[in-house]
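Subject: Structure handover

Hello,

Here is the structure I promised to pass on. Please open it first, then read the notes below.

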Amino acid sequence: MTKIWRETGFVEHDPWVIETDEVKATEAQKPLLGLDALIAKAEESNEAGLGVVIKPADDVTRLQPYLDRLDIVAVAFPAFNDGRAFSHASLLRQRLGYANELRAVGDVLIDQIPLMLRVGIDSFSVTNETALKRLAENRLPGIPHYYQPTARRAEGGQAYSWRRLPAKSA
């Protein structure tokens, strides 16, 4: 069973569905299209409120002319050891300035969610039973200190974690 999770909790009625040859969005749903299908649709109409799924081998910079028309970008994590979606999320947030919903889909595991949050992913399509249980209990694993700047600022508001000065002792 797939559930959508945000930092505010589980989403009850999410309209987005990943379209494939077998699965098509109904009237009550909105399609998440592949990159090529989205570009073709965007080129032939002025429709806004679109959604796209970015697969690991896709070139996320091809989305740049259409970002203002997208409500959601889903980045695919096909396997635990494939982290290219982290790079896609970082590029979307930091270089391309994408500000709408950024969702992780695929193999979303509890240990990776804090890292996904740091690169700007703000919603998660979760199927893993352990992850669903821990999220329902509001038990995210935490990492108190970071060395790299990311889309999400470090606690304490510092832009560059490694430039923090140690507290002076009295």
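Which residues is R103 in contact with, leaving aside its neighbours within four places in sequence? The list is I4, D14, W16, I72, V73, A74, V75, I121, S123, F124 and S125. Before you go through them, note that this is a predicted model.

**R103**

R103 belongs to strand β7, which covers residues 101–106. Is R103 buried or exposed? With a relative accessibility of 2%, R103 counts as buried, because the cut-off for that class is under 20%. Two of the residues on the contact list also meet R103 through polar contacts of side chains. The side chain of D14 does so at 2.8 Å. The side chain of S123 does so at 3.1 Å. There is also a C-alpha distance to record. R103 and A89 are 14 residues apart along the chain, and their C-alpha atoms are separated by 9.0 Å.

**Overall layout**

Now the whole chain. The protein has 170 residues, and 38% of them are buried. Its secondary structure comes to four helices and eight strands. Along the sequence, the pattern reads β-β-β-β-α-β-β-α-β-α-β-α. What share of the contacts between residues at least 6 apart in sequence joins residues at least 24 apart? The share is 49%. The exposed surface is about 10300 Å². Carbon and sulfur atoms supply 50% of that surface.

**Strand β1 and its partners**

Strand β1 spans residues 3–6 and pairs with two strands described here. One is β8, residues 123–126. β1 and β8 run antiparallel and are joined by three bridges. Within this pairing, K3 has V126 as its bridge partner. The other is β2, residues 9–11. That pairing is antiparallel too, again over three bridges. Here R6 stands opposite G9. β1 and β2 form a hairpin, with two residues between the strands.

K3 has a second role to report in this region. Its charged end sits over the ring of F10, at 5.2 Å from the ring centre.

**Aromatic pairs**

How many aromatic pairs does a search of the whole structure find? The search finds two. In one, the ring centres of W5 and F124 are 5.7 Å apart and the planes stand at 45°, so this pair is tilted. W5 lies in β1 and F124 in β8, so the pair ties together parts that are 119 residues apart in sequence. Both W5 and F124 are buried. F124 is also one of the residues in contact with R103.

The other pair is F77 with F86. Their ring centres are 5.1 Å apart and the planes stand at 80°, so this pair is edge-to-face. F77 is buried, with a relative accessible area of 1%. F86 is buried as well, and its relative accessible area is 18%.

**D82**

D82 sits in the loop between β6 (70–77) and α2 (84–95). Its relative accessibility is 14%, so D82 counts as buried. Which residue's side chain does the side chain of D82 join in a polar contact? The partner is R84, at 2.8 Å. Leaving aside neighbours within four places in sequence, D82 is in contact with P56 and F77. F77 is thus shared with the edge-to-face pair, because its ring is the one set against F86.

**N138**

One backbone angle to look at. Most residues other than glycine have a negative phi. N138 has a positive value, near 60°, and is not a glycine. N138 lies in the segment after α4 (129–136). Is N138 buried or exposed? N138 is exposed, with a relative accessible area of 62%.

**Where to start**

If time is short, I would open three views. Start with R103 and its side-chain polar contacts to D14 and S123. Then take the W5 and F124 rings, which link β1 and β8. Finish with N138 and its positive phi.

Best wishes

Methods: Residues numbered from 1 in each chain as written. Predicted model: local features only at pLDDT ≥ 70, side-chain atom pairs only at ≥ 80, totals over all residues. Heavy atoms only, no water. Pairing = 2+ DSSP bridges. Phe/Tyr/Trp six-rings, centres within 6.5 Å; stacked < 30°, edge-to-face > 60°. Buried < 20%, exposed > 50% of the residue type's maximum accessible area, 1.4 Å probe, protein only. Lys NZ or Arg CZ within 6 Å of the ring centre and 35° of its normal. Contact = heavy atoms within 4.5 Å. Areas by Shrake-Rupley, 256 points an atom, 1.4 Å probe, with all protein chains shown as cover. Polar contact = N/O pair within 3.5 Å; in protein donor to acceptor, adjacent residues only side chain to side chain.
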